[in-house]
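Work through the exercises below with the sequence and the 3D structure in view. Each task is followed by a solution in steps.

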Amino acid sequence: MDTVQVDPIAEGLECVYARPADTLTETRLHYCPGCGHGVVHRVLMEIVEELGIQDQTIGVAPVGCSVFAYHYMNIDMQEAAHGRASAVATAVKRLHPDRYVFSYQGDGDLAAIGTAETIHTANRGENILMVFINNAIYGMTGGQMAPTTLLGMKTSTSPGGRTIETSGYPLKISEMIALLPGVAYVTRQSVHTPNAVRHLKKALLHAFRYQKEKKGTCLVEVVSNCPSGWKMTPGEANEWLEKNMFPLYPPGDIKVPHS
Amino acid sequence: MTVSTAELMKGNEALAEAAIRAGCQAYFGYPITPQSEILEYLADEGRRRGMIVLQAESEVASINMVYGGAGAGARVMTSSSSPGISLMQEGISYIAAAQLPCLIVNVSRGGPGLGTIQPSQGDYFQATKGGGHGDYRLIVLAPSSVQEMADFVYDAFDLADKYRNPVMILADGALGQMMEKVAFRDYNPKEHTPAKPWATTGKPRSRERNIITSLFIEPEKMEQINIRLQEKYAVIREKEVRSECFMTDDAEYGIVAYGLAARVAQGAVEIARSHGIRAGLLRPITLYPYPSDAVRALAERVRGILVVEMNAGQMVEDVRLAVEGRVPVTFAGRMGGIIPSPDEVFAALENLTTQDVALHAETY
């Protein structure tokens, strides 16, 4: 059966939300149903559109599920090698200090293979934003254990649940980063409820403002889900996130700049 | 300090000074012997003259900063020595795939492993055959003097921009450390730097977004990218080959050597001549593209070829491929950071001539 296109505005409905038409491309997202990436992409690009900085923003994509972030974000972007997004972003920012530069990285990228780059970029106080998606799993490669995987959590490489004996502790890298003097702003947000999305947007807005004010490195962690990797429905995943992720990764500001 | 007339300088410093003069906007690197003077010189002199100089946390970070800076449209470079260059290989492969122009300097040292800090040519294969994963090539320039350490920097940046390809200067610890007279050419970077409309500088409304990537997930697209790279390398092989001959016109025996080994070999040619052996030297300057035609032309004139390298015999394979069995090709080399002496090379050359006599005796 053919679907009938209906123009809701013509039908008399009020438009309360429109996607950021300039900064998000029409490309269909490749993410799994319920995944948080699409929402974070959208919120980021809403900010770029609302601030009118499409021509002043350069993004760096990671290796991981969001490797194709540049398919969706209609801005100049570079695709970095696994873990090196903050090194790439460092160079872009140094050469274009008047531009807004952000890296967009998952937990494997930012907190495992790229730990050295993450820490040293932050320690140099590079005026960039790191958007850090933490879903405690390697989604793209099929659900392996991540540095942020919770104790007891089952993944394809911790089939009996993560244990301290074999894999150590979940890495709270945002708290580590917050200790560095070059870092201006570290906050942990989520996208599992509409209210959480509103909070994320506020946090990202702060980060863009701090970058403009050259305050130092900003890191916005987004505790996200992975329904496919966690083997749950999107609804179950969001409930599980709140119950199991938040106790270890509580939402809220970890470090804010001195005004 | 701005050098205009000939000055006595270390190879590493001459290279660094040339980088400033070539309009290199940013340097990213990590200390390693025997090339740390490049980073030190630029951290002082380069910064003073407006260059962004960042001492990174590792060679891995350095090369990825080079990727970012090149992608953002700037003339950028890094330098290191053998173990550090090994660490960079993943990033170099990405840079080659994304077709970004940059300069990578390898002031190589003896290996394998942590090896030694003494000069070596053990990285020939790594430099000329790709080095990292996938089918790609660097343009590789091999200086053999402090003057060329400086001159090849301008050439490297020009070639990198012309072909949107990473260029490597493959030197060694002796060329980096030794002092010779060097003069700097007149060079205006503005006249040599092309527009880079593909760079990520912030997307205005007037153009589509620019994307720097090496990811082409559909194999059909990836194959097209590979074909395009191979076509580019074919043009480079056709247009950019450089080599130099020394006393080869009437030579009966040829030596093929590059870089520091070529200087030693030149000494051996002079000794040979004084003993009545008509020897000549062919010095490849570009190691990729390789001067195969020049080697072949030499093989058609001489009775035998000696390849001299500071390794176990790497370039000799390219010589043999070019010679295609026309004449005997022998090899003399020292490894692990030892520089052969002209007398040693002369002895190897004498050996070749005796072998040759023996071969001819068998024939008759």
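The exercises that follow concern a predicted model.

**Exercise 1. The contact between the chains**

Task: Describe how many residues chain A and chain B each bring to their contact, and how much area is buried there.

Solution.
- Step 1. Chain A contributes 35 residues to the contact, and chain B contributes 35 residues.
- Step 2. The size of an interface is often given as the accessible area lost when the parts come together. Between chain A and chain B that area is about 2,700 Å², and carbon and sulfur atoms give 58% of it.
- Step 3. On the side of chain A, the residues that lose the most area to chain B are A:Asp76, A:Gln78 and A:Leu95. Together they make up 22% of what that side buries.

**Exercise 2. Polar links and elements at that contact**

Task: Count the salt bridges and polar contacts between chain A and chain B, then find which element of chain A supplies the largest share of its side.

Solution.
- Step 1. There are three salt bridges between chain A and chain B. B:Arg207 and A:Asp76 form a salt bridge through their side chains, at 2.7 Å from N to O.
- Step 2. Polar contacts between chain A and chain B join 18 residue pairs, both residues being at pLDDT 80 or more.
- Step 3. In chain A, at least two residues of the touching side come from each of strand E1 (57–61), helix H2 (69–72), strand E2 (76–79), helix H3 (85–95) and helix H5 (115–123).
- Step 4. H3(A) gives the largest share of that side, with seven residues.

**Exercise 3. The two domains of chain B**

Task: Locate the domains of chain B and describe how domain 1 and domain 2 meet.

Solution.
- Step 1. Chain B is split into domain 1 (7–239) and domain 2 (243–363). Taken over C-alpha atoms, the domain centres are 29 Å apart.
- Step 2. The contact involves 32 residues of domain 1 of chain B and 25 residues of domain 2 of chain B.
- Step 3. About 2,300 Å² is buried between these domains, with carbon and sulfur atoms giving 55%. From domain 1 of chain B, B:Gln121, B:Tyr124 and B:Phe125 supply 31% of the area buried against domain 2, more than any other three residues.
- Step 4. The domains of chain B are also joined by three salt bridges. The side chains of B:Glu180 and B:Arg263 form a salt bridge of 2.5 Å, N to O.
- Step 5. The interface of domain 1 and domain 2 of chain B has 16 residue pairs in polar contact, both at pLDDT 80 or more.

**Exercise 4. The largest nonpolar core**

Task: Find which residues touch the most other members of the largest nonpolar core, and which helix gives the most to it.

Solution.
- Step 1. The core has 151 residues, and B:Ile255, B:Ile305 and B:Val319 touch the most other members.
- Step 2. Helix H7 (residues 146–163) of chain B gives the most to this core, namely eleven residues.
- Step 3. Domain 1 (7–239) and domain 2 (243–363) of chain B each provide at least three residues to the core.
- Step 4. Beyond four places in sequence, the residues that B:Ile255 touches include B:Ala265, B:Leu282, B:Val308 and B:Leu349.

**Exercise 5. Salt bridges and accessibility**

Task: For A:Lys201 and A:Glu46, and then for B:Asp158 and B:Arg75, decide whether each residue is buried, partly exposed or exposed.

Solution.
- Step 1. A:Lys201 and A:Glu46 form a salt bridge of 2.9 Å, N to O. A:Lys201 lies in helix H8 (residues 194–212) of chain A and A:Glu46 in helix H1 (residues 37–51) of chain A, 155 residues apart.
- Step 2. The cut-off for buried is under 20% relative accessible area. A:Lys201, at 19% relative accessibility, is therefore buried, and A:Glu46 is buried at 6%.
- Step 3. B:Asp158 and B:Arg75 form a salt bridge of 3.0 Å, N to O. B:Asp158 is in helix H7 of chain B and B:Arg75 in the loop between helix H3 (59–71) and strand E4 (76–80) of chain B, so the pair ties together parts that are 83 residues apart in sequence.
- Step 4. B:Asp158 is partly exposed because its relative accessible area is 21%, whereas B:Arg75 is buried at 2%.

Key: Residues numbered from 1 in each chain as written. Chains lettered and ligands numbered in written order. Predicted model: local features only at pLDDT ≥ 70, side-chain atom pairs only at ≥ 80, totals over all residues. Heavy atoms only, no water. Core = buried A, V, L, I, M, F, W, Y, C linked by side-chain atoms within 4.5 Å. Buried < 20%, exposed > 50% of the residue type's maximum accessible area, 1.4 Å probe, protein only. Helix = DSSP H or I, 4+ residues; strand = E, 2+ residues; numbered from the N terminus. Domains from an automatic or database assignment. Contact = heavy atoms within 4.5 Å. Buried area = accessible area lost by both parts, 1.4 Å probe. Salt bridge = Lys/Arg side-chain N within 4 Å of Asp/Glu carboxyl O. Polar contact = N/O pair within 3.5 Å; in protein donor to acceptor, adjacent residues only side chain to side chain.
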